Amino acid sequence: MVKRDAQQKHMMKGYCACGRKNGFAPSPNYCSLYCLKFMTEPADGYKRKTHYEDWQGTGTFALNPVHPKIECDCEWCGDSYKLSYAISCANKSYCGNICMRQATQGKRSKKKKMLNIGGMVRIMRVLRYYKTKMSANDISNHIKKWFSCDCSSGSVSNMLRYLCAKNMVYKYSMNELGLMTYKIKNEHTPLKQLFS
Ligand SMILES: [Zn+2]
Ligand SMILES: [Zn+2]
C-alpha cells in the first residue's frame, strides 16, 4: 500500500493522485469518477481552481483532511447529486436507484419493438464523455473497457441507427479509414428526456 499524502499531488505509475490504484476506464490516470472530477473540475464559485486545490491544506489533520462530497449531474435525469470519495460510491453515475433502473432497462417502442435502453445509454455516455467523432468500433471498444460488458460494433451500429433517426446523434461520412463516424448532438440534454 502506498503511503497516502493528501497534500502532495503525486503521480506514481499505477496510482491515482489520491494514492488509490488508478484505472477508471474513461480516464485511466484516476481511480474513480470522484477523483476525475475532484482533480479536474472547478470548485464552487471558481473558474479555474479545482476542488482539489480548494481542499488542499484544509481540515483538522493537515495531512489527511476528509474528502468533501462533490456535486455531480445524474447521467439519466440531469439532476444533481452528491458524489463521495468512499470507493463504494466514487463511481456513482445516477442520483438514485430509480434513475439507475430506468437507464438500464429495456423498453417497448411504439411499434412494440424492444429497445435496448441500457445499450443506447452506454453509447450516449461514451459519446458524451469524449465529445468527439467516433466510429461504431471505437464506441464498442470503449464500452467493453468502461462497462465491462460485451457489445459488438455491429450491435453498436444498429443502435446508432436508432439514435440518428431520433436526432440524438450526428452521422458523418466516411473518415480516412473508410468508417462512418458519429458524434453526440447535445451533450447536455438529459438522457431521460431523449428516451421518454
Ligand atoms: Zn483517486
Ligand atoms: Zn437521476
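In this predicted model, helices H4 and H5 lie roughly perpendicular to each other, because angles of 65 to 115 degrees are classed that way and this pair fits the class. The axes of H4, which spans residues 117-130, and H5, which spans residues 136-147, cross at roughly 100 degrees and come within 10 Å. On the H4 side, the contact is made by Arg122, Ile123 and Val126, and H5 brings Ile139, His142, Ile143, Trp146 and Phe147 to meet them. Sorted by character, the residues of this contact are six nonpolar, one polar and one charged.

Helix H4 also meets helix H6, made of residues 153-165, and here the axes come within 10 Å and cross at roughly 85 degrees. H4 is therefore roughly perpendicular to H6 as well. Gly119, Met120 and Ile123 of H4 take part in this contact, together with Ser155, Val156, Met159, Leu160, Tyr162 and Leu163 of H6. The residues of the contact of H4 with H6 divide into seven nonpolar and two polar, with no charged residue among them. It is worth following Ile123 in the structure: Ile123 belongs to the contact with H5 and also to the contact with H6.

Stepping back, the whole chain can be described by its elements. The protein chain has seven helices and six strands. Read from the N terminus on, their order is α-α-β-β-α-β-β-α-α-α-β-β-α. Measured out along the principal axes, the C-alpha atoms fill a box of roughly 60 × 40 × 30 Å. The chain has 196 residues, of which 22% count as buried. Among contacts between residues at least 6 apart in sequence, 37% join residues at least 24 apart.

The domain assignment places residues 1-97 in domain 1 and residues 104-195 in domain 2. Where the two domains touch, domain 1 supplies six residues and domain 2 supplies seven residues. The side of domain 1 that touches domain 2 holds four nonpolar residues, one polar and one charged.

The strands offer two pairings to look at. Strand S1 (residues 70-73) and strand S2 (residues 80-83) run antiparallel and are joined by four bridges. Within this pair, Ile70 stands opposite Leu83 of S2. The two strands form a hairpin with six residues between them, and Gly78 in the turn has a positive phi of about 85 degrees.

A little before this hairpin comes a loop worth a look. The loop between helix H2 (51-55) and S1 contains His67. His67 counts as partly exposed because it has 19 C-beta neighbours inside 10 Å, whereas a residue needs 20 or more to be buried. Trp55 is 12 residues away from His67 along the chain, and their C-alpha atoms are separated by 7.8 Å.

The second pairing joins strand S5 (residues 169-172) to S6 through four bridges, and these strands run antiparallel. Here Tyr170 has Lys183 of S6 as its bridge partner. Strand S6, residues 181-184, has side chains that alternate along its length. Tyr182 and Ile184 point to one face and are buried, while Thr181 and Lys183 point to the other face and are not buried.

Key: Residues are numbered from 1 along each chain as its sequence is written. Chains are lettered from A and ligands numbered from 1 in the order in which they are written. This is a predicted model: local features need pLDDT of at least 70, side-chain atom pairs count only at pLDDT 80 or more; totals for chains, interfaces and linings use all residues. Axes are lines fitted to C-alpha atoms, for helices over the stretch in contact, and angles run from 0 to 180 degrees between N-to-C directions. Angles under 35 degrees count as roughly parallel, over 145 as roughly antiparallel, 65 to 115 as roughly perpendicular and the rest as oblique. Ala, Val, Leu, Ile, Met, Phe, Trp, Tyr, Cys and Pro count as nonpolar, Asp, Glu, Lys and Arg as charged, and the others, Gly among them, as polar. Domain bounds come from an automatic or database domain assignment. Two strands pair if DSSP finds at least two bridges between them. A residue is buried if 20 or more other C-beta atoms lie within 10 Å of its own, exposed if 12 or fewer, and partly exposed in between; C-beta atoms are placed from the backbone.
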